[in-house]
Amino acid sequence: MHCHNKLLGRDNDDKMGFTVTPVRPSGSAHFVGSANNLPAERGASIRLALGIGNLKILLYNPDNGITQNFMPHLWMFLLQALTPADHEVVLIDGNTRPMSDVELVQFVIDEGIGLVGIGAMTRMIAKAYRVADSLRAAGIPVVMGGPHVTEVPDEALGRNGGARHADALALGEADETWPLIVADAARGQLKETYTATDALGQDSKPTLQDYPAIPWDSLDLQQFNRIPGFVRPIMHRLGYPWETFHIIPIESGRGCPYGCEFCTVTGFFGDTIRFRSNQSVVNEMLSLKQRARDTKGQVAVFFVDDNFGINVKRTKSLLRDIIAAGAELSWVGQISANLLRDEELLDLIAASGGRWIFIGMESLDPANLASVNKGFNKPEEYTGVLQALARRHVYAITSFIFGLDHDTPGVAERTLAQLREWPPVLPVFGQITPFPATPLYARLESEGRLTRPQHWLEFAPFQMAHTPLRITVPEVQDEVRYAWTNSYSPAATERALDSIANEPAAYKISHLASRLFFRGIYFPPKGAWQWLKLIAENRRSLWSVVRDSFTRWHGSPDRGRTQDCDRSSGSAGKSELDEANCTRADRGVLGVSGEPEIGGEA
Ligand code: B12
Ligand code: SF4
């Protein structure tokens, strides 16, 4: 178990494990919920005097009002699991339970919530601040955590000339500081910042060896069900009696040594990689599988590790353990292309349930890749890697960034020309964005190229925040639009399905559903009318998939899969791997379909 009990026993001022700075008087009177309507400090001390040390805590993830998310955020479940048992934790994700600021404040008051924890990436931070401001104005203490406030703490604390938005900040990974924050909040003695440090006062990161068990089998995940109510009767009629479909985030490790210039991961999680034990990951998957069985649901896993293959030997050992324990679930993971050369790894990915691999290709131009410290990506290898994955019925989500320093007009069409040569992929496109505290941000700032240095406070999707070198800002935006429009046109979707015409129907369903949802990252369909229009435009693809579902469920006899099942097992040399892959294709298990928003690194 995690060491939270030990931490709870600690004196607040103990500097052995934590760096803390006292909260400055905030001026606003704090109230702990409506139950007692007492100022926080008084309320807390009365509760303590009465021996009532428990808190009701809300962990809240804001949406940014523009884009949505297809998967719950892991941090909420992790912190919930790390909260000492005498406190109650409620989770709300603004993506799935939208509430106005007023409604949220009312909810918090009605529920007697005494502490709100808000986590946010940079792009949701403006919304996060607004929510935090409303809560604090109502006297409810707010603690914020996650990458953005860690990177720009002064902003949230109002030390940069702006308003203050949070009572306390959890800086960096909060696995070890969270129980202390809760204990301090219960006493009404929140400090201003919390950072985990070692005995020498250096930042310390959790080893992940004592990763808590997240009780997936018993958690209320209703708000994260991806099957809308109106679709369930249709699915029942089609013979899929699923009540639920959940995409669950699991991390198997943290950290990345690659240090790509635009990425916050190496700075935040460090360049040393820490892994959970295989057994704890396997147990988590087994518990998810059990939940799926018990609830007549479907579960897919998103391994949120930034580079799931970063230590190939260890990834293989984890995947082998998953297979050996019968814990296979459909999964998506992020792996950089340079690590996908290993045939045995690919066999294990396929055999353990891997469906989609997110590959941060970023650019087809080596000069661009070198300019952002991602020269380890070798564009000449991409085709081979994608074909090797596709032979195993694993497909790629390929991510591209436009507006890099060597990009010129026409970059989108040049990229699409290459994409048309590949097995079908789900491409995503964005513009290079300088996130705070990245080497990219520092470079652009020193070169005087930042046009919106605090772009997050005026969040606008797909908008540049700096001046590119060989292309203009409007041109980059046109390139991004061109790439999305042409990649997800009805004709492009038909082409993608044609290229796997002989495959079992389940793969086609997976591709079609994913393509319709991925399209929504750039063109979010708003309302029933736009959905109907989208369906009408893609009717040929839809019809071919429906037809194949009834007439050619297993695909054509001469399909590549047959070849796969007959071929020797590659460098893995393990016939059970081939067996598992073939069985999987025959079962025609559905892959994961996404919804607006996909991102990632690797
Ligand atoms: C999974 C993931 C996604 C998912 C969505 C998130 C989800 N539902 O899980 C998808 C794939 C959709 C996605 C999309 C994007 N993502 Co993303 N994503 C990640 C990824 C790989 C894992 C997140 C995770 O679960 N980590 C593990 C958990 C345990 O870590 P954590 O969230 O940091 O939480 C810890 C601490 O931060 C802290 N903490 C966090 N919140 C809180 C709150 C409180 C109250 C407290 C006390 C503590 C606390 O405690 C936790 C335990 O230590 C991270 C990289 C990473 N390794 O974190 C990038 C990352 C978060 N994404 C990033 C980006 C840029 C994006 C996109 C903008 C990419 C794009 N160009 O489209 C989009 C935007 C999505 C949106 N909706 O707006 C950046 C964010 C940088 C920043 N400063 O904001 C990251 C850090 C990666 C990077 N390259 O730098 N992403
Ligand atoms: S982009 Fe991927 S490979 Fe590069 S530093 Fe970030 S996580 Fe590592």
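Two strands count as paired here if DSSP finds at least two bridges between them. Keep that in mind for the exercises below, and remember that this is a predicted model.

**Exercise 1.** Work out the strand order of the open six-strand sheet and find which strands sit at its edges.

*Solution.* Start by following the pairing from strand to strand: the order reads β8-β11-β12-β13-β14-β15, and the pairing is parallel. Next, look for strands that pair on one side only; these are β8 (244-250) and β15 (426-431), the edge strands. Finally, check the twist, which averages 20° from one strand to the next.

**Exercise 2.** Take the pair β13 and β14 and describe how the two strands line up.

*Solution.* Find β13 at residues 354-362 and β14 at residues 395-402. Count the bridges: there are six, in the parallel sense, so the pair passes the cut-off of at least two. Now pick a residue to check the register: glutamate 362 stands opposite phenylalanine 400 of β14.

**Exercise 3.** Which strands do helices α16 and α19 touch, and at what angles do they run?

*Solution.* Begin with α16 (residues 379-391), which packs on the sheet against β13 and β14. The direction of α16 makes about 150° with that of β14. Then move to α19 (residues 473-487), which packs on the sheet and touches β14 and β15. Against β15, the direction of α19 comes out at about 165°.

**Exercise 4.** Zoom out and put numbers on the whole protein chain.

*Solution.* Tally the elements: 25 helices and 15 strands. Then check burial: of the 602 residues, 48% count as buried. Last, take contacts between residues at least 6 apart in sequence: 76% of them join residues at least 24 apart.

Technical notes: Residues are numbered from 1 along each chain as its sequence is written. Chains are lettered from A and ligands numbered from 1 in the order in which they are written. This is a predicted model: local features need pLDDT of at least 70, side-chain atom pairs count only at pLDDT 80 or more; totals for chains, interfaces and linings use all residues. Helices (H or I, at least four residues) and strands (E, at least two) are DSSP runs, numbered from the N terminus. A residue is buried if 20 or more other C-beta atoms lie within 10 Å of its own, exposed if 12 or fewer, and partly exposed in between; C-beta atoms are placed from the backbone. Two residues are in contact if their C-beta atoms, placed from the backbone, lie within 7 Å. Axes are lines fitted to C-alpha atoms, for helices over the stretch in contact, and angles run from 0 to 180 degrees between N-to-C directions.
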